[in-house]
Amino acid sequence: MSRILIAEDEARIASFIDKGLRANGFTTTVVDDGDAALAQIVAGEFDLVVLDLGLPKRDGFAVLQAMRRAHVQVPVVILTARDTVHDTVAGLEGGADDYMTKPFRFEELLARVRLRLRSSERGPEVTVLRHEDLSLDLRTRRAETPEGMVDLTAREFSLLELFLRHPRQVLSREQMLSHVWGYDFDPGSNVVDVYVRTLRRKIGQDRIVTVRGMGYRLE
């Protein structure tokens with residue numbers, strides 16, 4: 001039976017989550033401030049944490065930072081009213097495993113909790129992709145080569161991630177368009193070629209090879 005810590009200072013919401021998780025077979029504990037949450041987490045008695053960002057005494061970001069600094073790898077699902085892209089990115093890059101905004105449907109929260117518990121049972125999530133002397137950190141969204149760290153745009157990151165997940169495989173322009181741009185692009189467009197050129201300038205000219213009439217391959 002999985003043990004879940006609910007760190008939420010709004011009593012009505014905490015009670016709602018608590019009752020719902022208990023009804024689905026989980027053992028739960030509720031705390032209403034960040035200091036209490038961190039103390040419980042570090043004690044190592046939980047399999048997952050549902051964490052509000054707007055906690056008193058110590059906010060959710062500080063709790064998350066402290067637990068990851070202490071090498072506590074229990075999965076964290078952030079549940080918050082903060083819905084800006086900045087907050088979402090900060091939460092995920094800070095070590096959260098998932099991010100939900102209020103108002104929310106309990107069924108979705110339950111599905112995400114179950115997913116994160118299954119993922120933790122399978123072992124730690126891969127956060128760095130590597131091939132030869134090239135690596136890509138999926139949390140910080142930065143690449144590293146022997147020459148140093150490389151900052152990437154969102155499109156460059158997605159493109160390099162695709163190459164690193166399929167090293168030495170030929171990827172067609174259609175595959176790259178679908179993965180990076182997410183929709184059918186004008187087949188006559190040279191946008192893929194443009195981004196491959198910029199990526200080559202950042203990670204090394206010889207890493208991505210052109211396969212005539214087929215696409216590109218990461219060597």
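His 71 sits out in the open: with a relative accessible area of 66%, this residue counts as exposed, because the cut-off for that label is over 50%. The setting is a loop, the one between H3 and strand S4 (76-80). The backbone here also catches the eye, since phi of His 71 is near 65°, a positive value in a residue other than glycine. Most residues other than glycine have a negative phi. All of this, and everything below, is read from a predicted model.

Arg 168 tells a similar kind of story. Phi of Arg 168 is near 60°, again positive in a residue that is not glycine. Arg 168 also belongs to a loop, here the stretch between helix H6 (154-165) and strand S10 (170-171). As for accessibility, Arg 168 has a relative accessible area of 48% and so ends up as partly exposed, the cut-off for exposed being over 50%.

One more backbone oddity turns up at Pro 103. The peptide bond leading from Lys 102 into Pro 103 is cis, and its omega is near -5°. Most peptide bonds, by contrast, are trans. Pro 103 lies in the loop that runs between strand S5 (98-101) and helix H5 (106-122).

Stepping back to the whole chain, the protein has eight helices and 12 strands. Its C-alpha atoms fill a box of roughly 60 × 35 × 30 Å when the box is taken along the principal axes. Of the 219 residues, 45% count as buried. Contacts that reach across the sequence are well represented: among those between residues at least 6 apart in sequence, 55% join residues at least 24 apart.

Next come the helix pairs. Two packed helices are described by the angle between their axes and the distance between the axes. For helix H2 (residues 34-42) and helix H3 (residues 60-69), the axes come within 10 Å and cross at roughly 20°. H2 and H3 are therefore roughly parallel to each other, given that angles under 35 degrees earn that label. The crossing of H2 past H3 is right-handed. On the H2 side, the contact is made by Gly 34, Leu 38 and Ile 41, while H3 brings in Val 63, Ala 66 and Met 67. Sorted by class, the residues of this contact of H2 with H3 come out as five nonpolar, one polar and no charged.

The pairing of H6 with helix H8 (residues 191-203) has its own geometry: these two pack at an angle of about 80°, with their axes 10 Å apart. H6 and H8 are therefore roughly perpendicular to each other, as angles of 65 to 115 degrees are classed that way. H6 supplies Arg 155, Glu 156, Leu 159, Leu 160 and Phe 163 to the contact, and H8 supplies Tyr 195, Val 196, Thr 198, Leu 199, Lys 202 and Ile 203. By class, the contact of H6 with H8 has seven nonpolar, one polar and three charged residues.

Helix H7 (residues 173-181) is where Arg 173 is found. Arg 173 has 29% relative accessibility and so counts as partly exposed. Leaving out residues up to four places away in sequence, Arg 173 touches Val 192, Asp 193, Met 214, Gly 215 and Tyr 216. With Asp 193 there is something more specific, a polar contact between the two side chains at 2.8 Å. As for Val 192, this residue is 19 residues from Arg 173 in sequence and 6.5 Å away in space, C-alpha to C-alpha.

Met 176 is also found in helix H7. With a relative accessible area of 0%, Met 176 is buried, because buried means under 20%. Met 176 and Ala 81 are 95 residues apart in sequence, and their C-alpha atoms are 35 Å apart in space.

The last residue to look at is His 131, placed in strand S6 (residues 128-131). His 131 has 8% relative accessibility and therefore counts as buried. With neighbours within four places in sequence set aside, His 131 is in contact with Leu 164, Pro 167, Arg 168, Leu 218 and Glu 219. That list brings back Arg 168, the loop residue with the positive phi described above.

Methods. Residues numbered from 1 in each chain as written. Predicted model: local features only at pLDDT ≥ 70, side-chain atom pairs only at ≥ 80, totals over all residues. Heavy atoms only, no water. Helix = DSSP H or I, 4+ residues; strand = E, 2+ residues; numbered from the N terminus. Buried < 20%, exposed > 50% of the residue type's maximum accessible area, 1.4 Å probe, protein only. Contact = heavy atoms within 4.5 Å. Polar contact = N/O pair within 3.5 Å; in protein donor to acceptor, adjacent residues only side chain to side chain. Axes fitted to C-alpha atoms, helices over the stretch in contact; angles between N-to-C directions. Parallel < 35°, antiparallel > 145°, perpendicular 65-115°, else oblique. Left-handed = near helix turned anticlockwise from the far one by under 90°. Nonpolar A, V, L, I, M, F, W, Y, C, P; charged D, E, K, R; others polar.
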